[in-house]
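Subject: Structure handed over, with notes

Dear colleague,

Here is the structure I promised to pass on to you. Please open it alongside the sequence before reading the notes below.

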Amino acid sequence: YLALDSIRNLQVKLPFIENHNMGIHSSKPEECRSTIEVDVHEIIVANEEYDIACKLWIPSSDHDGSVRATALFLHGGMFSTGDLNSHKAVTTALVKESGLAVLTASFCDGSSTTFETGKTLSDLKALSSYMKFRFPKLPFGVIGSSSGGYFALLLCNSLNAGDVQFCIPLAPVANPLARAHYLKHCIDRTTPLQNEKDLYLSRHSPEKAQFILNNQLKFFESFKQMRLASEAVRENVHRIPTLLIVGGNDKNVPPNVYETVQKEWATRTIVLGLGVGHELQNEPPKEPHLYYIPDIYRFLKTELSWEESSSVVYRPWCR
């Protein structure tokens, strides 16, 4: 395959193809927290026989120097839905306010493959290779939302030591087996015995739980595969700095689903208030005290040892 880099007018043999001629400007959010505009480039990353449709979200050329790190953003969607356009709000905020260039992608998931084939992980490795080639001098990290949070953890453990500098799971389905058992509780309307504490603050309706479980089973195929998948991310193999962000009232991801990440992975954990649910992984809450993008910026600044530069005009958020 050929990668065409029009910026340097250079052709090289690599397993991906890039088109830099599709730049568009995103619209500003209702409450502007940054003066930085976002350009979006449509890209094809080729992995074996499968072409992965991607979008590269970067600060506009008017803000050269504002990119301090890069990230692969892995969408959520019950392991079976979602694509490169699924999480525009959080992706745009990360670019505008956290100093990141972000890649989103329509990688193989439960809509086209299963966990056991390894095709999903193969796609994610190819996407990581693209970002590390495209930005060779910048730190690279992985951000994942919901089921994408699981994939983020799996990818971090699957790459070589030193390949990933940070990991940020947003409401991750970090333990698919525990989530499946929770969903079965919802379906069976299981309630705790008298004087027994309920593990779950709130629950899905049986119909909603069955829908999510069916999608999860479509990808993993069996509870045995879910157990193996959960064990694969039980520890942070390369001790990658990790920021875990979860909601206090998440019907999709109760605490026992992410507790291993909190204990074994997280450098820092942020639990948003009891009114915040799973929607945080798709769009950051607008309330100032719940808006977590500044926390991501501070985390990156600390872990990556960023220094303020007088030559770069950059506001992480409005004051």
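The notes that follow go through the cores, one helix and its salt bridges, a strand pair and the aromatic rings. Please bear in mind throughout that this is a predicted model.

**The nonpolar cores**

The largest nonpolar core is made up of 57 residues, and within it L103 and L127 are the residues with the most contacts. Helix 3, which spans residues 147-158, gives this core its largest share, namely 7 residues. If residues up to four places away in sequence are left aside, L127 touches V45, I52, C54, L72, L103, A105 and F107, so that L103 appears both as a partner of L127 and, with L127, as one of the two residues with the most contacts inside the core. There is also a second core, separate from the largest one and containing 33 residues, among them A71, I245, L272 and I293.

**Helix 8 and its surroundings**

Helix 8 covers residues 293-303, and its buried residues are I293, P294, D295, I296, Y297, F299 and L300. These buried residues pack against helix 1 (88-98) and against four strands, namely strand 8 (100-105), strand 10 (166-170), strand 11 (243-247) and strand 12 (268-272). I293, a buried residue of helix 8, is also one of the members of the second core. After the helix comes S305, which has a positive phi, near 55 degrees.

**Salt bridges**

The structure holds 4 salt bridges, and two of those described here involve D295. In one, R268 pairs with D295, with 3.5 Å between the closest N and O atoms; because R268 belongs to strand 12 and D295 to helix 8, this pair ties together parts that lie 27 residues apart in sequence. In the other, the side chains of D295 and R298 meet at 3.0 Å, N to O, and since these two residues are 3 apart in helix 8, about one helical turn separates them. R268, D295 and R298 are thus linked in a network of salt bridges.

Which members of this network are buried, and which are partly exposed? D295 has a relative accessible area of 13% and is buried, whereas R268 is partly exposed at 36% and R298 is partly exposed at 37%.

A further salt bridge joins K286 and E283, whose closest N and O atoms are 2.8 Å apart. K286 counts as partly exposed, at 43% relative accessibility, and E283 likewise counts as partly exposed, at 36%.

**Strands 11 and 12**

Strand 11 has 5 of its 5 residues buried and is therefore largely enclosed by the rest of the structure. L243, I245 and G247 point to one side of the strand while L244 and V246 point the other way, and all of them are buried. Strand 11 runs parallel to strand 12, to which 5 bridges join it, and L243 stands opposite R268 of strand 12, the residue that also forms a salt bridge with D295. Together with helix 7 (residues 255-264), strands 11 and 12 make a right-handed β-α-β unit.

**Aromatic rings**

The count of aromatic pairs comes to 12. One of them is F79 with F151, an edge-to-face pair with 5.7 Å from centre to centre and 85 degrees between the planes. F79 lies in the loop between strand 7 (69-74) and helix 1, and F151 lies in helix 3, so this pair ties together parts that are 72 residues apart in sequence. Both partners are buried, F79 with a relative accessible area of 1% and F151 with one of 2%.

F151 also forms an edge-to-face pair with F107, again with 5.7 Å centre to centre and 85 degrees between the planes. This pair links distant parts of the chain, for F107 is in the loop between strand 8 and helix 2 (119-134) while F151 is in helix 3, 44 residues apart. F107 counts as buried, at 3% relative accessibility, and is one of the residues that L127 touches. Ring pairs link F79, F107 and F151 with F115, Y150, F219 and F220 into a cluster.

With best regards

Methods
Residues numbered from 1 in each chain as written. Predicted model: local features only at pLDDT ≥ 70, side-chain atom pairs only at ≥ 80, totals over all residues. Heavy atoms only, no water. Core = buried A, V, L, I, M, F, W, Y, C linked by side-chain atoms within 4.5 Å. Buried < 20%, exposed > 50% of the residue type's maximum accessible area, 1.4 Å probe, protein only. Contact = heavy atoms within 4.5 Å. Pairing = 2+ DSSP bridges. Right-handed = clockwise from strand over helix to strand, strands pointing away. Phe/Tyr/Trp six-rings, centres within 6.5 Å; stacked < 30°, edge-to-face > 60°.
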